[in-house]
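Here are a few exercises to work through with the model open in your viewer. Try each one before you read its solution.

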Amino acid sequence: MSRMQSTRSTRAANGGISRRDVLRNTAAGGAALGAYGAGLPLFNIVRAQDNKITYALFGEPPGLNGFVYTEIHGNVVTTNIFDKMARIDHATRRIEPEMVEWKNEDPLTWVLKVREGIQWHKGYGELTGEDILYCFNHVQEASTFQKGVSHFPVDHAKLRSKYVVEVKLKMPFSPFPMVTLEYGGSVMCKAAHQEMGDQEFARNPIGTGPFELDSWVSGSHLVLKKNPNHWRDGRPYVDEVLYRVIEDPSVRLSSLLTGEIDIMPRPDPKDTPRFREGGEPGIAYQSVPGWNWDYMDFTFPPYIAADFPTVNVDVRRAISYAIDRQTIIDEIYAGEAIVTDNPVPPGYLGHRPSPIVYPARGDLAKAKELMAKAGATGFDLEVITSDKEWLRRECELVAAMLSEIGINMKIRGMDVGTYSTAWVKKQFQADLEDITIVSPDVDSTLWWFHHKDGIVEHGWENQAVSDWLDEGRAELDPEKRTTLYHNIVDAVLDDCPYIYFNHVNLVYLLKDAVKGFHGGPQEHVVPLWDVQWG
Amino acid sequence: MTESSRTHGESPLRLAAQRFLRHRLAVIGGVLVTILILSAVFAPWLTDVEPAKTNLRSKLSPPSWEFPFGTDHFGRDVFTRMLHGARVSLLVGLGVVLIAAGIGTPVGVVSGYFGGRLDNLVMRLMDAFLTFPPLLLAVAIMGTLGPETENVILAVGLVYIPVFARLARGNTLSLREYTYVSASVALGASSWRIITRDILPNIIGVILVLIAVTFSRAVIAEASLSFLGLGVQPPTASWGRDLNEARRYLEDAWWLVTFPTVMIALAVLNMNFIGDGLRDALDPRAQD
């Protein structure tokens, strides 16, 4: 037992306090009272003294291994544990090197140069090309989800030297840095992953990011400690991040107002107006236009009977006309969203002011006319959705809208795992969900959903659209790309395999004294290394 | 007329009915539950508004002549939703007691009457079920089956089967030692005849009491599962789901949380009063 421990134990056993304790506590109390008297919220002083930040997650991460789990909550945490090969600068919408710099030697050869001197957490040594190579190989060997979404053009990778990796592609792929190195660019420590395996690694992740996992109590909280060897100069600024799992938005809000947490995402939209209008002193409001969309999509034969009403294009168009998009924004998101009828948000190449075809307030007469033309005189439509409460509410509102054209919508809420399986395996009639776009390249908001080989294309086969998508991916001239993507969007608007509702702003509430927090447009990416107490 | 001559002159059923009617709370419970059942059955005729019909211009309106129970955040009529919610709750209650009593009672009687290894096997299985807290087990079953009204009935019904089986077995074990049962055995009556003629009629009283109690528990279980998002799916009206949604407006719209709570309390309390009345009425020791 050390001397310090011994002294503390003796003092505690005696039940007494030292003169130093009295002086320290008096000084701290005096400072806190002084601050309170000066109108500063007491809890900010306490947090600033601790130099730690508490962030409320609105769900429990299933794991912290980016090669196994793809949901929001785990990614919010791993943003701060793992670095990526490249990272999107949300402000400029450009891709910036993080762990590697890249060079395109020929259309099929990319050379990655690893940043030297980056250290793995907890003494696992230095990051080298071996780790990068290991991750490229792991995606192929374990067929992780990256294989289908970001690594599909990769033929193989090999080590040129300790810090240089060569990646050979099967086909030219211009979004390689944006999609493969950023979205699919998680890097895990080879030695740690080999030692632990997938599941253990997901509970004890070893990254190179600004924070390392200290402890995790399931269903309650996770603690990240500052990585003292982090490569970003002077960062992170806070010593500790405490993630508390608080699913209920009203509990998140009361936790913020009582000072138990410092930053919260997703306040209940009914509460947002009073914060937006600055009604709560000491609380700041951030609203970021999201790279996302809310949508409804359908399955097509062979995943659904050929005579099912939604296979008829007029029924799908009728549904799109029956949707009052503005009401969804007003009632579900308290105005924190923008209307759209297509998947290309503002800022993306090929964006056009929305709505393009389907009116923001809907057109019920046109919808009824199309239903009559289709001969669809009322039917049951089962719509799946995941367990996000705002989507359940949106489903109820959409159900009421569709009942006006004789569609009896049956809502089937599912936990996120069951939902994802049903969605990817195309085991549903219709689906109402939201999704975050993984990169600022327009390819990522269209290809997976509308190309005949896209993993979430549900049987809608349009050869022209698939060809345009392939062409757009290989084309470098922005004007030519724009034309191609306009063609694609027009075809989607005409045939309605997906029906788009809105792009939702991401809203955060935080204490005024928290500086350097910028919630990005992607809900799963929440960096905290620039955050500090002001 | 003396007490003795009165009891000798009337059927046990009539006597039980008289005792039930003397139980004031049970009578009140019976009347209110009857009103609730009739309201649920005739809901489409009592209100011409669709329970899922939104009316955003009237959202969050307090109770008034137009909207007796007010409206919710989508402007839906809360009175209509309460009536239609009663349909779901009562349907679930009925379905649950049919499954639980319909399976649990015969299983318990057969197990108790034959005893031996069969009894051991069946009762250990029932014990295994009973080790789980009922709601937790229902949540687990719902997680597997998916959120549908039929699945709520099945899940909660399965949870209560062991409760009926245990009660039926205990009473059968006691009854099979009675001399009239021994006499039936001595006269060569078949097991089927003894179970259906000698045992079942004599345990029906306690089973009826348990049915009343289970019905009220099923109503709570449905409300709880729906509150958790595992029960009846929107836009179908459900007291539990509406109560969950009402939490958001606790400070702004008192009527949203009040009416589902009152409806659940009314249904549960009055079914329990009926259960109490039945217990007193059917208990042979309470004759005097």
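**Exercise 1: a cavity and its lining**

Sort the residues that line the largest cavity into nonpolar, polar and charged. In this predicted model, the solution goes like this.

- Start with the classes: five lining residues are nonpolar, one is polar and seven are charged.
- Now put the cavity in context: the structure has five cavities of 30 Å³ or more, and the largest holds about 120 Å³ of space.
- Next, look towards its centre: of the 13 lining residues, B:Asp72, B:Arg81, B:Asp242, B:Glu245 and B:Leu256 come closest.
- Finally, trace the elements: helices H5 (78-114), H11 (239-246) and H12 (254-282) of chain B each give two or more residues to the lining. H11(B) gives the most, with four residues.

**Exercise 2: a helix with a bend**

Find where H8(B) bends, and by about how much.

- First get the helix: H8 of chain B covers residues 149-175, which is 27 residues.
- Check its reach: from first C-alpha to last it spans 38 Å, close to the 39 Å expected at 1.5 Å a residue.
- Then locate the bend: H8(B) turns by about 30° at B:Tyr160.
- Look just past that point, and you'll meet a proline, B:Pro162, within four residues.

**Exercise 3: an aspartate in chain A**

Is A:Asp314 buried or exposed?

- Place the residue: A:Asp314 sits in helix H11 (residues 313-322) of chain A.
- Apply the cut-off: its relative accessible area is 9%, and buried means under 20%, so A:Asp314 counts as buried.
- Check for a partner: the side chains of A:Asp314 and A:Lys373 are joined by a polar contact of 3.5 Å.

Terms used: Residues are numbered from 1 along each chain as its sequence is written. Chains are lettered from A and ligands numbered from 1 in the order in which they are written. This is a predicted model: local features need pLDDT of at least 70, side-chain atom pairs count only at pLDDT 80 or more; totals for chains, interfaces and linings use all residues. Side-chain values use heavy atoms; hydrogens and water are left out. The expected span of a helix is 1.5 Å times one less than its number of residues. The bend at a residue is the angle between axes fitted to the seven residues ending there and the seven starting there. On a 1 Å grid over the protein atoms alone, a cavity is a set of points where a 1.4 Å probe fits but cannot get out, and a pocket is an open set with protein on both sides within 12 Å along at least five of seven lines; lining residues have an atom within 4 Å of a point. Grid points are joined across faces, edges and corners, and a volume is the space filled by probe spheres set on the points. Ala, Val, Leu, Ile, Met, Phe, Trp, Tyr, Cys and Pro count as nonpolar, Asp, Glu, Lys and Arg as charged, and the others, Gly among them, as polar. Buried means under 20% relative accessible area, exposed over 50%, partly exposed in between (1.4 Å probe, protein chains only). A polar contact is a pair of N or O atoms within 3.5 Å; within protein, one must be able to donate a hydrogen and the other to accept it, and residues adjacent in sequence count only if both atoms are side-chain atoms.
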